Amino acid sequence: QVQLVESGGGLVQAGGSLRLSCTASGRTFTAYTQAWFRQAPGEEREFVAGIAKSGGFTFYADSVKGRFTISGDNPMTMVFLQMNSLKPEDTAAYYCAARSTYYSGSYVYTGAEDYDYWGQGTQVTVSS
């Protein structure tokens with residue numbers, strides 16, 4: 001069994017920064033993409049950022065482009081999300097996700113249904 005565990009969430013003022021971490025453990029698997037999603041109360045889960053194993057290709061939602069940076073180690077057992085210039089609208093539970101279904105392209109899946117493993121989430125609250 002694979003476990004993804006997020007950490008690094010918390011309460012921060014608008015304009016501040018947080019760094020989220022996600023660690024994979026358990027059964028050995030290959031993550032072809034790792035991504036961060038978020039879900040605010042009453043809203044659907046939405047894609048935030050992803051990184052592909054092939055070439056380290058990254059992709060971001062328009063709402064976070066230029067403010068958030070996703071990175072990961074080479075085996076893709078850890079993934080990070082550096083969040084700068086945080087806004088109140090970034091408030092949500094943030095989830096780490098991993099896709100272990102093989103694909104060879106240098107692109108990132110953005111649909112939640114495309115991911116095989118999920119963490120339990122970490123809360124990020126940005127005060128105005």
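The following exercises, each with a worked solution, concern the predicted model shown above.

Residues are numbered from 1 along each chain as its sequence is written, and side-chain values use heavy atoms, with hydrogens and water left out. Because the model is predicted, local features need pLDDT of at least 70 and side-chain atom pairs count only at pLDDT 80 or more, whereas totals for chains, interfaces and linings use all residues.

**Exercise 1. The disulfide**

Task: Determine which residues the disulfide joins, and state its handedness.

Solution.
1. A disulfide is a pair of cysteine sulfur atoms within 2.5 Å. A search of the whole structure finds one.
2. This disulfide joins Cys22 to Cys96, with an S to S distance of 2.0 Å.
3. The torsion about the S-S bond of Cys22 and Cys96 is about -80 degrees, so the disulfide is left-handed.
4. Strands are DSSP runs of E with at least two residues, numbered from the N terminus. Cys22 belongs to strand 3 and Cys96 to strand 9, so the pair ties together parts that are 74 residues apart in sequence.
5. Both Cys22 and Cys96 are buried. Buried means under 20% relative accessible area, exposed over 50%, and partly exposed in between, with a 1.4 Å probe and protein chains only.

**Exercise 2. The nonpolar cores**

Task: Identify the residues that touch the most other members of the largest nonpolar core, and the strands that supply at least two residues of this core.

Solution.
1. A nonpolar core is a set of buried Ala, Val, Leu, Ile, Met, Phe, Trp, Tyr and Cys residues joined through side-chain atoms within 4.5 Å. In soluble globular proteins, nonpolar side chains tend to be buried together.
2. The largest core has 30 residues, and Trp36, Leu81, Met83 and Tyr94 touch the most other members.
3. At least two residues of this core come from each of strand 1 (2–7), strand 3 (18–26), strand 5 (46–52), strand 7 (68–72), strand 8 (78–83), strand 9 (92–99) and strand 11 (122–127).
4. A second, separate core holds 10 residues, including Phe37, Phe47, Val108 and Tyr115.
5. Contact means heavy atoms within 4.5 Å. Not counting residues up to four places away in sequence, Met83 touches Gly16, Ser17, Leu18, Leu20, Arg67, Phe68, Tyr94 and Val124.

**Exercise 3. Aromatic rings**

Task: Classify the ring pair of Phe37 and Tyr115.

Solution.
1. Rings of Phe, Tyr and Trp (its six-membered ring) pair if their centres lie within 6.5 Å; planes under 30 degrees apart count as stacked, over 60 as edge-to-face and the rest as tilted.
2. The structure contains seven aromatic pairs. For Phe37 and Tyr115, the ring centres are 5.4 Å apart and the planes stand at 75 degrees, so the pair is edge-to-face.
3. Phe37 is in strand 4 and Tyr115 in the loop between strand 9 and strand 10 (117–118), so the pair ties together parts that are 78 residues apart in sequence.
4. Phe37 and Tyr115 are buried, and together with Phe47, Phe59 and Trp118 they form one aromatic cluster.
5. A charge sits over a ring if NZ of Lys or CZ of Arg is within 6 Å of the ring centre and within 35 degrees of the ring normal. The charged end of Arg19 sits over the ring of Phe80, 4.2 Å from its centre, and that of Arg99 sits over the ring of Tyr109, 3.9 Å from its centre.

**Exercise 4. Strand pairing**

Task: For strand 11, establish which side chains are buried, and whether its pairing with strand 2 is parallel or antiparallel.

Solution.
1. Side chains alternate along strand 11: Thr122, Val124 and Val126 point to one face and are buried, while Gln123, Thr125 and Ser127 point to the other and are not.
2. Two strands pair if DSSP finds at least two bridges between them. Strand 2 (residues 10–13) and strand 11 run parallel, joined by four bridges; the partner of Gly10 in strand 11 is Val124.
3. Strand 9 pairs with strand 11 in the antiparallel sense over three bridges, and Tyr94 has Thr122 as its bridge partner in strand 11.
4. Strand 3 and strand 8 run antiparallel, with six bridges; Arg19 stands opposite Gln82 in strand 8.

**Exercise 5. Two residues compared**

Task: Decide whether Thr33 and Asn84 are buried, partly exposed or exposed.

Solution.
1. Thr33, in strand 4 (residues 33–39), has 0% relative accessibility and therefore counts as buried.
2. Asn84, in the loop between strand 8 and strand 9, is partly exposed, with a relative accessible area of 30%.
3. Leaving aside neighbours within four places in sequence, Asn84 is in contact with Gly16, Ser17, Arg67 and Phe68.
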